[in-house]
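Visitor: I am new to this structure and would love a close look at one part of it. Could you walk me through the place where two of its chains meet?

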Amino acid sequence: MRRVFFGTCLFLVAFLAAASCSDELRFYLRSEPKTFNPALVADDSSETVRYLTGGVLLRLNRQSQNLQPELAQAWTVSRDGRTITFTLRKNVRFSDGTPFSALDVKYTMEQLMDPALHSPTGDAFRSSSGRMIVTVLGPDKVAITFPAPVAGLAALFDQVAIVSSQSARHEMASLGPFYIAEHKPGSYVYLRRNPNYWKHDVSGRQLPYLDSIKLEIQSNRDIEFLRFTRNEIHLINSMDADYFDRLALSAPAKVRDVGPSLDSEQMWFNQVPTAPIPAYKREWFRSRSFRLAISSGISRDDLCKVVFKGHAIPARGPVSPANKFWFNARLQPVPLDTKRALQLLEQDGFRLSSGKLYDRAGHPVEFSIVTNAGNRAREAMATMIQQDLRAAGITVNVVTLDFPSLIQRISKSFDYEAALLGLVNDELDPNAQMNVWLSSSEEHQWNPQQSAPATPWEAEIDQLMRAQASSMQDATRKKYYDRVQKIVADEAPFIYLVNKNALTGITPTVQGARPVPLRPQTFWNIEYLKLADERAGSGN
Amino acid sequence: MEMERSERGAGDGWKSVLRRVLLAAMTVLAGGLISATLVRYAPGFGSDERQLDARLSSASLAAIRDANASERRILPYYAGYIARALHGDLGISRSLNRPIQQILAERLSITSLLAVKALLVAWLAALSLVFAAGVLRLPALSLSSSIGSGVLLCIPAGALALLSVLLNAPGYLALAVVLFPKLNRYLSNLTAATVSMPHVLAARAKGLSETQILVWHVIPVIKGEVLALAGVSVGLAISAAIPVEALCGIPGIGQLAWQSALARDLPLLINLSMLVIAGVTLANSGADLLSADRGQAA
Amino acid sequence: MKAIRLAATVLIVVIAMASVLGSLLPVFDYARQDRERINAGVSAAHWLGTDDLGRDRLSRLLHGTQVSLLLAPAAAALSMLLALVIGAASGLIGGFAERSSKLIIDLFLSIPWLFLLLIVRAMLPLNTSPALSAVVTFLMLGALGWAAPARILQARASRLRHAPFILLARAAGISRCRLVSHHVLPNLRPVLLAQFWISVPVFILAEANLSLLGLGVAEPLPSLGSLLRELESALSLGSDVCRFAALMVLILVVSSLQIAVPQQEAC
């Protein structure tokens, strides 16, 4: 009896010890995930959950920027770029035990490409109208044929999380390293390790190493910062420069600047012909010399130094140097040159008088820049641009608006003069930006939905983007897209300002973390992360 | 005769309550319509940040734009909402993609508890200071209480929320600190004005203690205003809860209100507005009722 | 007490004069960015250091104080006036006027007015000057901030309606104007003053929060509220004490105003 008693006590102690030692990673989501349906993911928080729980056929290695096999052991793309054939891994099961097969791939793709669903991931595959056809060639072989060639086809599958065709709750059965165990709306999402995860490490141990992940919902960055300093959370995926520098002073081991990210900050002028702005201002904004002059009148070096505390580089064009293959290294950032700016303006009949610039008709040069309120970096950038252009006699009014009001102005009413916003880039392939460059598109920010290209250079960009989309040769595509970047630099429809660095925070207890510029910066290799004993207080 | 009078009094009392309930219901309905109209005509209505997603096709963008087509004509939309609400269907939140009933059920108790605790703490603190100043009659205490309230009013809510996180203090304390100076200021001024009234001077001359004076001669005089302040403080607590919850990360109605305002989520905002209007109207009506009852009894 | 009151009054005058002087002297340029001295500490060139864009903190504090201390009390006075007219008047009249104004006040306390503020912002031209945007913001705050004090004023006025001395004055044949000016207003003064003292700092802080909606004082013009927003960041913890200068000024002004003006009136 005594033996049983002591045995039970020992068991309980061991159980409790194990429970308190369980590896639970904690970090914040900055907003409530809007959906757990991987096909409908469009916001950051939902994307985080999808990344951690979704099993994909192919994964873009965020470090090497190369595609690697995941649920698909091998794949081939047909010469015409319309068909991709996958050979799937065998004996893989979803988190709820249902087996994974080609039928699940078929089910997933058909859901994704349902036009009624309006999936952003699905839309990325839509290069033309017409139906996609999925052919199940065997339990572990499937071919997907599109109506037209899709450039960069294979890489798009990095965003396609396979859902189960057999499970009662299709989206909740996971093939990824974790599954959603609990969701308390407004508070947290709790993920547990997938007991059926197919991946093993080199020693044969089943991955992931972590037992669970707690994603608390917290939009306040100050609270996130405070909790991180107190080691109450383990990661900050993306940090502002101010917080980074403060932590770098007090806890340098916790922060890492991994270099330029894919993101950029840019401004543009409203060139919409029907915009409710004075006609003389529209003429200014449509003038290449004017745009180039404004570009030359802004100190990008100061923006990097002051706003981003040196954790940014002057942008050269639409592609960041972090995008190793697609970046056009021949482009140079535009240096501050107020003299050149004034020369360019003189070419268009502008003249400086008593410190103020006037156009040909005698109108003082004054315009407003709209940007989103609450974004300290953008507000600071706009204020600095205001000061820079004052030297050229130009008056700039900074107008901060809440985001819905801003979107309405730049997308619907076109009641704005200049806008300052950022581009959050998750994808490397320029095809992802097709809608920005095509003049007929709604996303062609400076002058959307043109029935015919308004300028010869926009017509050339249209041609080049279509050509690169239908070519299967990377070298050819690169040539076309380099030319697009050159035209954009010459014509400056967007005035690219900076590429921000990826600034991350990782507590030393997290082992295996190798932060990178691409999203998700700190946990892209989540299966391989583990936690050192927090009670011991030190990690590698 | 006395029985008839008391029966008549009771009957009038019920009529008064019924009238107040009806008026409150009308206020809630009118307020809901005004709120819905303001949201509908505010800039950014119908805008969605997905409109800036370069991956989306024109068909998808059109679908996003049309998602709130039914909300554009506000009167039919509101009438339809009321009809559905009477059957228990509060609608679906566009920004959170979930039934509003569920969302409110999860969050209402959090904010209610937060507001109740904060109001209790703030009222207790304010009343204690006012009584102490009244009983002890120390000008220095009154002065420092005034200055203290003034200092607290000057500290931004964000800084208070940050401090509460830093000190691991519960959120309701941050809210109480926001409410306290307003209550203290009003109460101090009300009692200070009353203690210098002739009847109070007479009572003091007759040798009554300061406590007796406060309880018998000051409070009864200002009870109407204090009850009105109590009703108003509920509204102040609800509106102050918005920044406190948003900044402290408390998943209550306040945080929800801020997020839904930024998302222009009309279905959710109508429900939240009507909830707030109902709460404020109830609190103020309750204060009026208490004030009226005591008046009748007197 | 008199000496304290005098000292408070002198302090208010000194702060007011300093802020006016600051706006007149060209050396105090609130917009100039010294980009080599970002978040710098106290120095001969910058007596209170610089902010995160290298702008002189002292200049911004002087200009910001002028903007806020001119406009916030004006807005507070406007909300007092509206509270008086709507709340107190209906309380004095009683009956239907009192009942209907209670409804209006309840509505006003609970409707999400931020959407009205957004509508107002959308109606303003994008090139509205920072000064005009500041005036419009504080005007809106004053126009929307009357409901809470109106409720309390109404309760007080309602009590006064039945007060013996009022009945006596009426019976004596006093005119309405005299009744209001000599007997009603002095009794409403404590509530009005309480509202005023609360409103000034609340409006100053509210203006800064409205910048999240695109209202508020536009860059580069500073206001006390926008300077105080620096304190809402965790980065203000452990930073240069000069960051707290705006808070100190606001506290000094609000406290001094409370001390300088007597709170109660014997009736």
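**Where chain A meets chain B**

Guide: Happy to! Across the interface of chain A and chain B there are two salt bridges. Please keep in mind that this is a predicted model. One salt bridge joins B:Arg65 to A:Glu442, with 2.6 Å between the closest N and O atoms. The interface also holds 14 residue pairs in polar contact, both partners being at pLDDT 80 or more.

Now look at the side of chain A that touches chain B. Four helices of chain A each bring at least two residues to that side: H4 (120–123), H6 (221–229), H13 (403–413) and H14 (434–437). The largest share, seven residues, is supplied by H13(A). Sorted by character, the residues on this side of chain A are 14 nonpolar, 15 polar and ten charged.

Stepping back to the whole interface, 39 residues of chain A are in contact with 36 residues of chain B. Together the two chains bury about 3200 Å², and carbon and sulfur atoms give 51% of that area. Within chain A, the residues that lose the most area to chain B are A:Lys34, A:Glu442 and A:Glu443, which together make up 16% of what that side buries. You have met A:Glu442 already, as the salt-bridge partner of B:Arg65.

As for the predictor's own scores, the complex receives an ipTM of 0.88 and a pTM of 0.90.

Note on methods. Residues are numbered from 1 along each chain as its sequence is written. Chains are lettered from A and ligands numbered from 1 in the order in which they are written. This is a predicted model: local features need pLDDT of at least 70, side-chain atom pairs count only at pLDDT 80 or more; totals for chains, interfaces and linings use all residues. Side-chain values use heavy atoms; hydrogens and water are left out. Contact means heavy atoms within 4.5 Å. Buried area is the accessible area (1.4 Å probe) that two parts lose on being put together, summed over both. A salt bridge is a side-chain nitrogen of Lys or Arg within 4 Å of a carboxyl oxygen of Asp or Glu. A polar contact is a pair of N or O atoms within 3.5 Å; within protein, one must be able to donate a hydrogen and the other to accept it, and residues adjacent in sequence count only if both atoms are side-chain atoms. Ala, Val, Leu, Ile, Met, Phe, Trp, Tyr, Cys and Pro count as nonpolar, Asp, Glu, Lys and Arg as charged, and the others, Gly among them, as polar.
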